[in-house]
Structure formats: structure tokens, C-alpha cells
Amino acid sequence: MEKITSFTIDHLALLPGVYVSRKDMAGTMPVTTFDLRMTRPNFEPVMNTAEVHTIEHLGATFLRNHPQFASKVLYFGPMGCRTGFYLLLAGDYSSGDILPLMKEMFTFIRDFEGEVPGAAAKDCGNYLDMNLPMAKYLADRYLREVLDGIGRERLVYPA
């Protein structure tokens with residue numbers, strides 16, 4: 001079998017960033033898959049499941065309620081390796097196109113107070129596995145260290 005595209009990226013050279021992972025067609029509609037890499041693969045610890053789960057709930061809630069992007073969001077969820085998230089949007093986008101959206105979303109997560117949306121037994125299959133303080137810390141770190149002042153080396157996959 002051939003390697004899938006995401007396994008052909010040099011993860012030893014990959015920095016945290018916002019990357020276009022792939023572009024596909026669903027009928028006549030382009031779909032852009034983004035790699036929202038929050039930790040450096042194989043160089044720093046991966047995120048724990050509780051904070052990943054919390055970011056997933058908060059990020060999905062934010063995106064699906066966003067005035068401009070709600071109707072374009074197809075999926076937001078964690079990578080199996082726990083170094084980041086995938087965001088699939090209906091449309092043809094570049095990494096730069098979604099930087100304002102990502103800054104807005106991670107600011108929302110960083111500043112969130114109260115009960116995490118969907119963190120109840122009737123709403124979620126693993127509602128106890130949440131860590132809001134750590135999710136807020138990771139969102140703040142991603143904003144400060146990656147999104148604020150982001151350069152090309154964190155917007156385009158390494159060659």
C-alpha cells in the first residue's frame with residue numbers, strides 16, 4: 001500500500017503551526033484540511049487526552065457558532081498522535097486565510113470560563129475526561145508562541 005499524504009511529511013522538521021494538509025473535492029466543492037500543529041512532534045511531550053478533549057469541545061462549539069465559518073465547518077478534532085488538531089472546511093483556503101479565525105478560536109478557548117459545553121453524561125461518551133485549566137494554558141501557549149507573529153516556516157510544510 002502507498003503511504004497516505006500525512007505520513008510523507010517529515011515530522012522531525014515539523015514545527016507547531018497552521019498548515020494546509022490537503023485539498024480534496026467532494027463533488028464540485030473543494031475541501032481544505034488544515035493541520036493545526038500545537039506541539040513539536042517527537043521533540044516535546046504530546047498533549048494529554050483530557051486537555052485535547054476539552055479543546056475539541058470548546059473549538060467545535062466556537063467554530064459551529066461562528067458567524068462567517070459555521071456553515072463551512074465539516075470537522076474539527078484531534079490527531080491520533082495528540083500533537084494537534086485537524087480542521088476541515090468546505091472551500092479552497094490557504095493557511096493565511098484562517099489565521100484570524102484561529103486567533104479568535106484559541107483566544108476563546110484561553111479565556112473560556114464556566115462549564116465546558118457538552119461535558120455532561122447525556123451529551124458526551126467520556127465527559128469526565130476534561131481539563132479546562134490545561135486546555136486554557138495550551139491555547140495561550142499556541143497563541144503566544146505560534147499564532148502571534150507567525151512566519152512562513154509555520155504556514156507551509158517543511159520540504
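Asp140 and Arg144 sit 4 residues apart in helix α3, so about one helical turn separates them. In this predicted model, the two side chains form a salt bridge, with their closest N and O atoms 2.8 Å apart. Both residues are partly exposed: Asp140 has a relative accessible area of 22%, and Arg144 has one of 45%. The pair doesn't stand alone, as salt bridges with shared partners join Arg110, Asp111, Asp140 and Arg144 into one network. Within that network, Arg110 and Asp111 also meet through their side chains, at 2.8 Å from N to O. Arg110 is partly exposed at 29% relative accessibility, and Asp111 also counts as partly exposed, at 43%.

A search of the whole structure turns up 10 salt bridges. One of them links Lys122 to Asp123, and here the closest N and O atoms are 3.3 Å apart. Lys122 is exposed, with a relative accessible area of 74%, while Asp123 is partly exposed at 45%. As a general point, side chains of opposite charge can pair when their charged atoms come close.

Now for the fold itself. The chain has 3 helices and 4 strands, and from the N terminus on they run β-β-α-β-β-α-α. With a radius of gyration of 15 Å, close to the 15 Å that the globule rule gives for 159 residues, the chain is as compact as a globular protein of that length. Its C-alpha trace spans about 40 × 40 × 35 Å along the principal axes.

The 4 strands make up an open antiparallel sheet, in the order β1-β2-β4-β3. β1 (17-26) and β3 (73-78) stand at the edges with a single partner strand each, so one side of each has no neighbour in the sheet. On average, neighbouring strands are turned by 15° against each other, direction ignored. β1 pairs with β2 (residues 29-37) in the antiparallel sense over 9 bridges; among the bridge partners, Lys23 is matched with Thr32 in β2.

Two helices pack on this sheet. Helix α1 (residues 49-64) touches β3 and β4 (84-90), and its direction makes about 165° with that of β3. Helix α3 (residues 132-147), home of the Asp140 and Arg144 pair, touches β1 and β2 instead, its direction making about 95° with that of β1.

Across the chain, 44% of the 159 residues count as buried. Of the contacts with a separation of 6 or more, 69% come from residues 24 or more positions apart. The chain exposes about 8400 Å², and carbon and sulfur atoms supply 55% of that area.

Note on methods
Residues numbered from 1 in each chain as written. Predicted model: local features only at pLDDT ≥ 70, side-chain atom pairs only at ≥ 80, totals over all residues. Heavy atoms only, no water. Pairing = 2+ DSSP bridges. Axes fitted to C-alpha atoms, helices over the stretch in contact; angles between N-to-C directions. Contact = heavy atoms within 4.5 Å. Rg over C-alpha atoms; globule rule 2.2 N^0.38 Å. Buried < 20%, exposed > 50% of the residue type's maximum accessible area, 1.4 Å probe, protein only. Areas by Shrake-Rupley, 256 points an atom, 1.4 Å probe, with all protein chains shown as cover. Salt bridge = Lys/Arg side-chain N within 4 Å of Asp/Glu carboxyl O.
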